[in-house]
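Thank you all for making time this morning. I would like to walk through one model with you, taking its aromatic rings, its sheet and its cysteines in turn.

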Amino acid sequence: MTFVLPSLNEQADRLIELGVHTVAGMTENDVASVVSNNTDGDALLILSRAQPSQLAPLVQRKGKSGFVVSDMDDVDRFEPIESLSMPLGPAYLVDAPERGDEMENWNPDEALPSITAAGRSPLTLLEGIHWLLQVPEVLERGHCFMTIGSRLRKPNGALDTRTPAVWISNGTGRDGVGNRNAPKVGWCWAGNRHTWLGFASAAGRRAL
């Protein structure tokens, strides 16, 4: 499914309105200047110094604010996987993000080779949250997404088996009834399948 992104100027205005520039260590002028000479219509603006824990509460769905699951207090330690080429600088563009519905009910270990074989790159968690800040309707009950471009590496060098994802809470268990229908940043095991989770990816990334 295709989702239309706002213009880069509109995206910049949205991030400023939400205060993302502040947590990313930028001024309003900084954000405006990085998009001033770029008119790409299918690119997502990322402020790279923001953290997922800071942005998750800014995601809105039906009047509910997003949240990070209680057993993921290390969410900001999930970093881009080594195979990704991440642009330097405080802001960059992600080209043509897709939700990856065609890979629903796959597991992350299966999805990553398929994404790369198609010449695409898995979204990081930070990129996925930025996408939802600009296009909240990307998060749809029954069709949400994983962001396997982010993983946590243990002190011994092995990958933590959790893989980040964003979906819609049912308000059960530790989520709490008050979070029913809220956007939820959580995780799944790397070998597990979920019928409601695709694998978000992008055509590429570019520095600004």
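Let me begin with a question for the room: does Trp189 count as buried, partly exposed or exposed? Please bear in mind, as we go, that this is a predicted model. The relative accessibility of Trp189 is 43%, and since partly exposed covers the range between the cut-offs of 20% and 50%, Trp189 counts as partly exposed.

That brings me to the aromatic rings in general, where a search of the whole structure finds 3 aromatic pairs. In one of them, the ring centres of Phe3 and Trp131 lie 6.2 Å apart while their planes stand at 85°, so this pair is edge-to-face. What I would point out to you is that this pair links distant parts of the chain, with Phe3 sitting in the segment before helix H1 (8-18) and Trp131 in helix H6 (residues 125-134), 128 residues apart. Phe3 is buried at a relative accessible area of 11%, and Trp131 is buried as well, with a value of 0%. Turning back to Trp189, its ring pairs with that of Trp187, and because the centres are 4.5 Å apart with the planes at 70°, this pair is also edge-to-face. Finally for the rings, Phe145 joins Phe3 and Trp131 in one aromatic cluster.

Now to the sheet. There is an open sheet of 3 strands, whose order is S1-S6-S14 and whose pairing is antiparallel. Its edge strands, each of which pairs on one side only, are strand S1 (43-47) and strand S14 (204-207). On average, and ignoring direction, neighbouring strands of this sheet are turned by 30° against each other. Strand S6 (residues 91-95) is joined to S14 by 4 bridges, and the two run antiparallel; if you wish to find the place on screen, look for Leu93, which stands opposite Arg206 in S14. Helix H1 packs on this sheet, where it touches S1 and S6, and the direction of H1 makes about 30° with that of S1.

I will finish with the cysteines, which may be of interest at the bench. How many disulfides does a search of the whole structure find? The count is 0. Cys144 is in no disulfide, and the nearest cysteine sulfur to it belongs to Cys188, 11 Å away; seen from Cys188, that distance to the sulfur of Cys144 is too far for a bond. As for their surroundings, Cys144 counts as buried at 2% relative accessibility, and Cys188 is buried with a relative accessible area of 5%.

How values were computed: Residues are numbered from 1 along each chain as its sequence is written. This is a predicted model: local features need pLDDT of at least 70, side-chain atom pairs count only at pLDDT 80 or more; totals for chains, interfaces and linings use all residues. Side-chain values use heavy atoms; hydrogens and water are left out. Rings of Phe, Tyr and Trp (its six-membered ring) pair if their centres lie within 6.5 Å; planes under 30 degrees apart count as stacked, over 60 as edge-to-face and the rest as tilted. Buried means under 20% relative accessible area, exposed over 50%, partly exposed in between (1.4 Å probe, protein chains only). Two strands pair if DSSP finds at least two bridges between them. Axes are lines fitted to C-alpha atoms, for helices over the stretch in contact, and angles run from 0 to 180 degrees between N-to-C directions. Contact means heavy atoms within 4.5 Å. A disulfide is a pair of cysteine sulfur atoms within 2.5 Å.
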